[in-house]
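Me: Please take a close look at one part of this structure for me. I am a first-year student, so short sentences would help.

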Amino acid sequence: MRRQGAGNLTSETRELYGRQQELAQIRRLFDNGARLVTLAGVGGVGKTRLALRAAHEVQPSFRDGVWWVELSSLRRGALLAHAVSEVLALVDQTTRPMIDVLADYLAGREVLLVLDTCEHLVHECALAAEVLLRAAPGLRILVTSRRPLGIHVERPLTVAPLPVPEGEGAAFGGADAMALLADRAAEAVPGFAVTDANRPDLVRLCRSLDGLPLAIELAAARLRDLSVAELTEKLDDRFAVLGTTDEVVGDTEPPWHQALRTAIGWSHELCTPAERLLWARLSVLVGGFDAEAARAVCADARLPERAIPGLLASLTDKSVVMWEPTGGGERYRMLDTIREFGAAWLRGLGEESTLRHRHRDYFRALAQAADAAWMGPDQIAWHDRTTAEHANLRAALDFCLAEQDGPSGLQMAGALWFFWYACGFAQEGEYYLDRALDLDPASGPDRAKALWARGMVGQTVGDMETGLRLVDTFREVTADEADETVPAAAAILEGACLALSGRQTRAAEALDTAPCTPPPPGRYDAAWSLVQVARSFVHIQLGEVAEAAVVADRLCVVCDDHGETHARAWGDLLRALAALALGRAAEAEAHARDALDGKRRVRDSLGIAMALDALASAVLSSGHAERAAQLLGTADRVWQTLGSPQMGAPELVAARQACEAQARQAIGDDTYETTFRAGYDSDPDVGINHALHTPGTAPPDLEID
């Protein structure tokens, strides 16, 4: 079944001017069997915008979707595969190299990957493309970069500036650059229109800017303050001062790039000193930012905090900063070329080190605040905020590693334990935790937290031995701590590793070392709740179902008292498993839905998959075999993103197989296959929303052939 509209492409909010020839060439290349097409050109020429339109046009040709991977904020090539897996919702719960997981996942799929902004990761992108294309016959890759990747399967397509009028008397419709300029001018100045009087100046302006879209947009923003004639004259004066050249300097850039430098530089000169300073300082923020981050990182005696909102608004009006409303509030970003200019200016001011330290300090504090609030009513808000700031958190950790700042790296990587453990970034967490631990071998609370985080993250990727190895070290490092949450932290680190590796009796003994009631707040506030999750799971595996239900019920009460969601959803799942074991199908169904809803809210893919499996068994026990088959299909789709279905746990695998066998027997193999496929081929979000409703007829979102 072809899943229409699959992928993560954003909508096109503005008209694309021209580019019909390039779009036709991209389609022709893919139609003729090209596996990798690279749109190469200078900054500001419109590669990303062209790639977005091309991706929308070819989307119907890819059964499993078109997926956009933004790489401009990624600075470490070692995390390239993780960035791609994040977009594909391929949670890295496996011990294998992520590139191998990606290759296996894509092997049987028809997918277009768009790798946007690759010039700083050319070598890494080339290696990844070769591996993935070799493994996945149905994969195609579209790249945007200032230079080609340089591999044999690549088909480079040079993106040139927009056509400009050949003379000042040229007709308005004769050049795409003119059309873009007129449109952006109308946005800047309501009521603006091209007339016989201003057409010569507009033509001259387009020619001066060599048809570069970004240069045109920056110039058009100045029309709020200047007439077309004044703008053209001032820009011409700037070119006269700089001089012009038709030579290429080395192998770096063609002559038209001077037009972009001129447009950006002139926009910079027309900013106030305070606006220029904010522009430079904002360059340390990557992947977008909110006003709070801008104030915290950029404000000081030279740039008062109270001035930041107004300066942000002014830079937005000048098209230096782009405003982006989101579900989590207003955010801002700068185009790469604009940010690069600001970064160069920041270096010239001698402030780069100062600002990068401020950036590190702010996002380290953000990680610590999220950790402290994780087991509370704002958990989902913190989940969303840290996810939105993923690029900045990476950048701050990368700075710690580059500066050999072990203490800060340990503080930050350890505080982000919940991000690595509960939010699907386990292998990335291993990467940063291992390096931070290597940088700072000194004992102390921060090292203890990082050791604990490393062991907990290992559980999610099936690496139980690392957790068992670290638990003794953790106990040694924390031996003198008065923190009453430490025993629970040690108990869950050891007990969960034992339980997930099938050693249930020993797991029960380890978990019994934790306190029976929640301890006072400390550095490991989540540990007690996680111990209860593991205890209930162990009781079920040992056949102690009533005891499992009691532990799960108590956990849910404690989580409700704190307004917590993540552990509460695990409690609901264990309630469902206990009810199933006791033959209470309706009760199991209700608990499984509650678990699914909670895990959906925190986007916990592992929890979602387990809740769907449990719900399928529950609705089957209630007599809804077709519904169960559909749920199993949706669950299987989610499990495929996790690497190992049912985590390889024998009890979970057996339950899944029993559910399938009973459903097949009830409705027949043909009906089962058709219904299962409908659940599998539907968009996972649609399937999850469907699962959250009571049994009945299939919703219109799910197509059953």
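Me: Is His-268 buried or exposed? And which strands make up the open sheet, in what order?

Reply: His-268 is buried, because its relative accessible area is 3% and the cut-off for buried is under 20%. Keep in mind that this is a predicted model. His-268 sits in helix α10, which covers residues 257-269. Now look at what touches His-268. Beyond its neighbours within four places in sequence, His-268 is in contact with Arg-276, Trp-279, Phe-341 and Trp-345.

Next, the sheet. It is open and has five strands. Their order is β2-β3-β4-β1-β5, and the pairing is parallel. At the edges are β2 (66-70) and β5 (154-158), each of which pairs on one side only. Neighbouring strands in this sheet are turned by 20° against each other on average, direction ignored.

Follow β5 inward. Its parallel pairing with β1 (residues 36-40) runs over five bridges. For one residue, take Val-37: its bridge partner in β5 is Arg-155. A helix also meets this sheet. Helix α1 (residues 20-31) lies across β1, β3 (111-116), β4 (139-145) and β5. Against β5, α1 runs at about 175°.

Finally, helix α27. It spans residues 566-581, 16 residues in total. From first C-alpha to last, α27 reaches 23 Å, close to the 22 Å expected at 1.5 Å a residue. Helix α27 is mostly covered, with 13 of its 16 residues buried. After α27 comes Gly-583, and its phi is positive, near 80°.

Note on methods: Residues numbered from 1 in each chain as written. Predicted model: local features only at pLDDT ≥ 70, side-chain atom pairs only at ≥ 80, totals over all residues. Heavy atoms only, no water. Helix = DSSP H or I, 4+ residues; strand = E, 2+ residues; numbered from the N terminus. Buried < 20%, exposed > 50% of the residue type's maximum accessible area, 1.4 Å probe, protein only. Contact = heavy atoms within 4.5 Å. Expected span 1.5 Å × (residues − 1). Pairing = 2+ DSSP bridges. Axes fitted to C-alpha atoms, helices over the stretch in contact; angles between N-to-C directions.
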